[in-house]
Amino acid sequence: MSSRPVSPKSLDELISSLERLNWDGRADLENIDFLVSSYQSNKSDWEKFAKTRPGDAYTRNHVFEKDGKFNVLILCWQPKQGSKIHGHQGSDCFLKVLQGEFKEEQFFMPEGEGCPLQLKQEKIYTLNEVNNMTDEKGLHRVTNNHDSILAVSLHVYVPPFAECRWYEEHNGKENIAQMSYYSYRGEIKGDSNALADSKSASMCKDGGSQCGDRSDARSCQAGSARAVCSREPCTGSGKTSGCGQCCHDTKQCSC
């Protein structure tokens with residue numbers, strides 16, 4: 001069993017401590033979690049990396065990488081903005097709150113394309129709390145939980161990854177996003193973030209595939225008419241959709 005490292009007092013010390021871990025063979029996830037959790041946010045440590053751009057939901061800023069073993073990022077999140085629902089390509093993700101507050105929503109892996117994603121759990125993370133996410137736990141979406149404050153998070157990915165799978169909530173469709181950085185070690189590059197959720201896309205699409213039961217009620221667009229769907233049994237003129245919902249309209253809703 002590896003010995004416990006000293007708690008880092010700065011971001012530089014955290015990175016140096018991570019570097020000194022034994023990276024031969026399996027990553028020392030227990031001590032990585034200890035180091036990330038032990039570090040206490042200090043704005044003077046990380047503000048030079050916290051680059052933002054108006055109009056971007058959030059920015060990914062590269063801080064450090066060790067030989068493909070791990071990397072360290074600082075992410076800046078605009079109020080009430082968040083990521084798409086995504087996985088981590090087999091990587092362990094350690095997310096630490098440096099400023100503000102985040103809501104994490106975890107989802108089960110999709111049963112198949114056409115099936116809506118099912119919410120597993122959600123949790124609020126506040127200053128200095130740490131979230132550890134892996135593909136074994138499923139998918140997640142992270143959102144700045146404040147409506148007026150910029151949120152900042154520290155991320156350690158073990159190992160780094162160049163692309164990421166993200167999923168559409170209403171039908172489980174898988175997409176690929178290439179990872180990019182708005183800044184690199186404090187110098188702005190200007191790349192856009194393919195994992196940012198613009199919050200403008202409709203959750204229900206015309207012609208969407210239908211399957212299984214839904215866990216929530218939803219309003220969705222069906223052709224030119226708006227269908228309000230619920231989980232209650234159909235009565236009167238209501239029609240049951242392919243996903244077991246009742247659409248009180250002349251058309252079925254797409255799930």
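A residue is called buried when its relative accessible area is under 20%, exposed when that value is over 50%, and partly exposed in between. The exercises below apply this and a few other ideas to a predicted model.

**Exercise 1. Decide whether S38 and S10 are buried or exposed, and describe where each of them lies.**

Begin with S38, whose place is in helix α2, the run of residues 29-38. Its relative accessible area is 18%, and because this is under the 20% cut-off, S38 is buried. Leaving out residues up to four places away in sequence, S38 touches S7 and P8.

Continue with S10, which is found in the segment before α1. S10 has a relative accessible area of 18%, so this residue is buried. When neighbours within four places in sequence are set aside, S10 is in contact with Y39 and D45.

**Exercise 2. Find which residues the UniProt annotation "binding site" covers, and work out how they are placed in the model.**

The first step is to read the record: the UniProt annotation "binding site", from an unreviewed entry, covers H86, H88 and H140. These residues are spread over 55 residues of sequence, and yet they cluster in space, with a largest C-alpha distance of 9.4 Å. H86, H88 and H140 also belong to the lining of the largest cavity.

The next step is to take H86 by itself. H86 lies in strand β4, which is made of residues 85-86, and its relative accessibility of 8% is under 20%, so H86 counts as buried. Beyond the residues up to four places away in sequence, H86 touches L139, H140, C164, R165, W166 and L195. A polar atom of the H86 side chain lies 2.8 Å from the backbone oxygen of K84.

The last step is to treat H88 in the same manner. H88 lies in the loop between β4 and β5, where β5 spans 92-99, and at 1% relative accessibility H88 counts as buried. Its contacts, again without residues up to four places away in sequence, are C93, M133, D135, H140, Y157 and F161. H140 therefore appears among the contacts of H86 and among those of H88, which is buried at 1%.

**Exercise 3. Describe the largest nonpolar core: how many residues does it have, and which elements give two or more residues to it?**

Start with the core itself, which has 24 residues, and in which L18, I32, V72, I74 and V156 have the most contacts inside it. Two or more residues each come from α1 (11-20), α2, β1 (58-66), β2 (70-77), β5 and β10 (151-158).

Then look at I74 as an example. With its neighbours within four places in sequence left aside, the contacts of I74 include W46, F49, A50, V63, L98, V152 and L154. Finally, apart from this core lies another one, of 22 residues, which includes A57, C93, A177 and L195.

**Exercise 4. Establish how many disulfides a search of the whole structure finds, and say whether C76 and C115 are buried or exposed.**

Recall that a disulfide is a covalent bond between the sulfur atoms of two cysteines. The search of the whole structure finds zero disulfides. As for the two cysteines, C76 has a relative accessible area of 1% and is therefore buried, and C115, at 13% relative accessibility, counts as buried as well.

**Exercise 5. Examine the backbone at D67, K80 and the bond between V158 and P159, and state what is found at each place.**

Take D67 to begin with, a residue other than glycine whose phi has a positive value, near 45°. D67 is found in the loop between β1 and β2, and at 67% relative accessibility it counts as exposed.

Turn next to K80, which is not a glycine either but has a positive phi of about 60°. K80 is found in the loop between β2 and β3, the latter being residues 82-83. Its relative accessible area is 41%, which lies between the two cut-offs, so K80 is partly exposed.

End with V158 and P159, which are joined by a cis peptide bond with an omega of about -5°. P159 lies in the loop between β10 and β11, where β11 spans 163-167.

**Exercise 6. State how many helices and strands the protein has, and what percentage of its residues count as buried.**

The protein has three helices and 19 strands. Of its 255 residues, 49% count as buried. Among contacts between residues at least 6 apart in sequence, 69% join residues at least 24 apart.

Terms used:
Residues numbered from 1 in each chain as written. Predicted model: local features only at pLDDT ≥ 70, side-chain atom pairs only at ≥ 80, totals over all residues. Heavy atoms only, no water. UniProt positions renumbered as here; feature names shortened; annotations may be inferred. 1 Å grid on protein atoms, 1.4 Å probe; cavity = no way out; pocket = protein on both sides within 12 Å on 5 of 7 lines; lining within 4 Å. Helix = DSSP H or I, 4+ residues; strand = E, 2+ residues; numbered from the N terminus. Buried < 20%, exposed > 50% of the residue type's maximum accessible area, 1.4 Å probe, protein only. Contact = heavy atoms within 4.5 Å. Polar contact = N/O pair within 3.5 Å; in protein donor to acceptor, adjacent residues only side chain to side chain. Disulfide = S-S within 2.5 Å. Core = buried A, V, L, I, M, F, W, Y, C linked by side-chain atoms within 4.5 Å.
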